[in-house]
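Hi everyone, thanks for coming. I'd like to walk you through one model today, starting with how its parts meet and ending with its ligand. Have a look first.

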Amino acid sequence: MDQIIVTGNGPLSGQIPIAGAKNACLTLMPATLLSDEPLTLTNAPRLSDIRTMTTLLQSLGAEVQALQDGQVLAMSSHDLTSTRADYDIVRKMRASILVLGPLLARFGHAEVSLPGGCAIGARPVDLHLKAFEAMGAELDLRDGYVHAKAPAGGLKGGIVEFPFVSVGATENALMAATLAKGTTVLKNAAREPEIVDLAECLRRMGAQIEGEGTSEITIQGVDRLGGATHRVVTDRIELGTYMLAPAICGGEVECLGGKIDLLAAFCEKLDAAGVSVEETPNGLKVARKNGRVSAVDVTTEPFPGFPTDLQAQMMALLCTAEGTSVLEEKIFENRFMHAPELVRMGAKIDVHGGTAKVTGVNRLRGAPVMATDLRASVSLILAGLAAEGETIVSRVYHLDRGYEHVVRKLSGVGAKIERVSGQ
Ligand code: EPZ
């Protein structure tokens, strides 16, 4: 397995291009299943998760062509051959569950393997299933699959009250509701920019949607959806990740395509920690205001709160801050696996349940560490940028799921980083 070797190399300088959002693309791609006309996505990120979703859609008979080095995905679901998403694909990526809503809405039935848990938590899909039941679907869970069936006349509009915010359940319900008969209201819906991006794409396909970006979304079902071409929104998590690079090791970096409104809560925390963020015509320019950042407390929340997908990366920064920070992880039950790896680099972190207390140290020290999940892997690279000596990150396949060309992007601003093929 490949490894990434990072050597602390002082301040960074230059520009980093930010790609299209993985978590928008992973819900925009299944939207092709809602229509028999072509759906083309531009600004798509080149990631292994996107290739996994491509394989899943192709297993259903959809056509998916990756053009322009993977930045354009030309898709068509005109001639689907199956409505069954097999375990051997679904187990690789839980976002596969997002084919269930579109298949159920367009064909009236679907069998989708339950995704199973992952490193950061059990990650059930009960809210997805409750939403489909509210639209009249019958769901039967057996042999590890969800067997879903719509009423004879197709899904019916309904009221879906989410007991707590779920990004994926909101996306699945939103897609299904576009073809349900009548009106569907999603209450306590997720407000993430990726939801807004999905709604904008569905509207281009002919869907009637109001309220995306707020906690109540209303959808008037239509008989069919057409094709569209849609540009994937900028990846706010990749953006936040690279904004932390100059914050942790000094210098100034411009993240191309970045917008503050994608990450307002995160930018507020950076400001409080002593990191300046300036909007430029091309993106966001980030620099540390003085020699060392200050400790800040962080609690992860659904959008517009501080994103859970940036918690690990922020922890890496706070390991080097002046003072003690408290990080509370409120979204997932096991999302501190990067902490023991950071401790190997000399960080002082006490984890109790969903709370991590980080006492900043002057300098981290390079060490061999292991990536445990997608965002943890990149937090170790950030720590390595600021550490004294060499950090060797193993199991970097986690990284390939969500970050394209990390070595190229970081070495482009002066980082000493290379990827070596594993034994
Ligand atoms: C999406 O996951 C993202 N993934 C995650 O990003 C992100 O961390 C998460 O939203 C929260 O923002 C994609 O978009 C592909 P949820 P999702 O449903 O939809 C529980 C990354 O690093 N829950 O909002 O699965 C769940 O276990 C990934 O890019 C239920 O209990 O997240 C979690 O504790 C990681 N039942 C909480 O809700 C359900 O039916 C929030 O999950 C659904 C969720």
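**Where the two domains meet**

Domain 1 and domain 2 bury about 1800 Å² between them, and carbon and sulfur atoms give 48% of that area. Buried area here is the accessible area (1.4 Å probe) that two parts lose on being put together, summed over both. Before I go on, some housekeeping: this is a predicted model, where local features need pLDDT of at least 70 and side-chain atom pairs count only at pLDDT 80 or more, while totals for chains, interfaces and linings use all residues. Residues are numbered from 1 along each chain as its sequence is written, and side-chain values use heavy atoms, with hydrogens and water left out.

So what are the domains? Domain 1 covers 3-18 + 234-420, and domain 2 covers 22-231; these bounds come from an automatic or database domain assignment. To the contact, domain 1 brings 22 residues and domain 2 brings 19, with contact meaning heavy atoms within 4.5 Å.

Which three residues of domain 1 supply the most buried area against domain 2? They are Phe 303, Arg 401 and Glu 404, with 34% of what domain 1 buries there.

Glu 404 turns up again in a salt bridge with Arg 46, where the closest N and O atoms are 3.1 Å apart. The rule finds three salt bridges across this interface, each needing a side-chain nitrogen of Lys or Arg within 4 Å of a carboxyl oxygen of Asp or Glu.

**The ligand**

Now, please turn to the ligand. It is surrounded by 23 residues, and the closest are Asp 126, Leu 127, Ser 166, Asp 309 and Ile 331; to be counted, a residue needs a heavy atom within 4 Å.

Ser 166 places a polar side-chain atom 2.7 Å from an oxygen atom of the ligand. With Val 167, a polar backbone atom lies 2.8 Å from a ligand oxygen atom, and a polar backbone atom of Gly 168 is also 2.8 Å from an oxygen atom of the ligand.

How much of the ligand does the protein cover? On its own the ligand has 820 Å² of accessible area, and the protein covers 88% of that, using the Shrake-Rupley method with a 1.4 Å probe. Thanks, and over to you for questions!

Key: A polar contact is a pair of N or O atoms within 3.5 Å; within protein, one must be able to donate a hydrogen and the other to accept it, and residues adjacent in sequence count only if both atoms are side-chain atoms.
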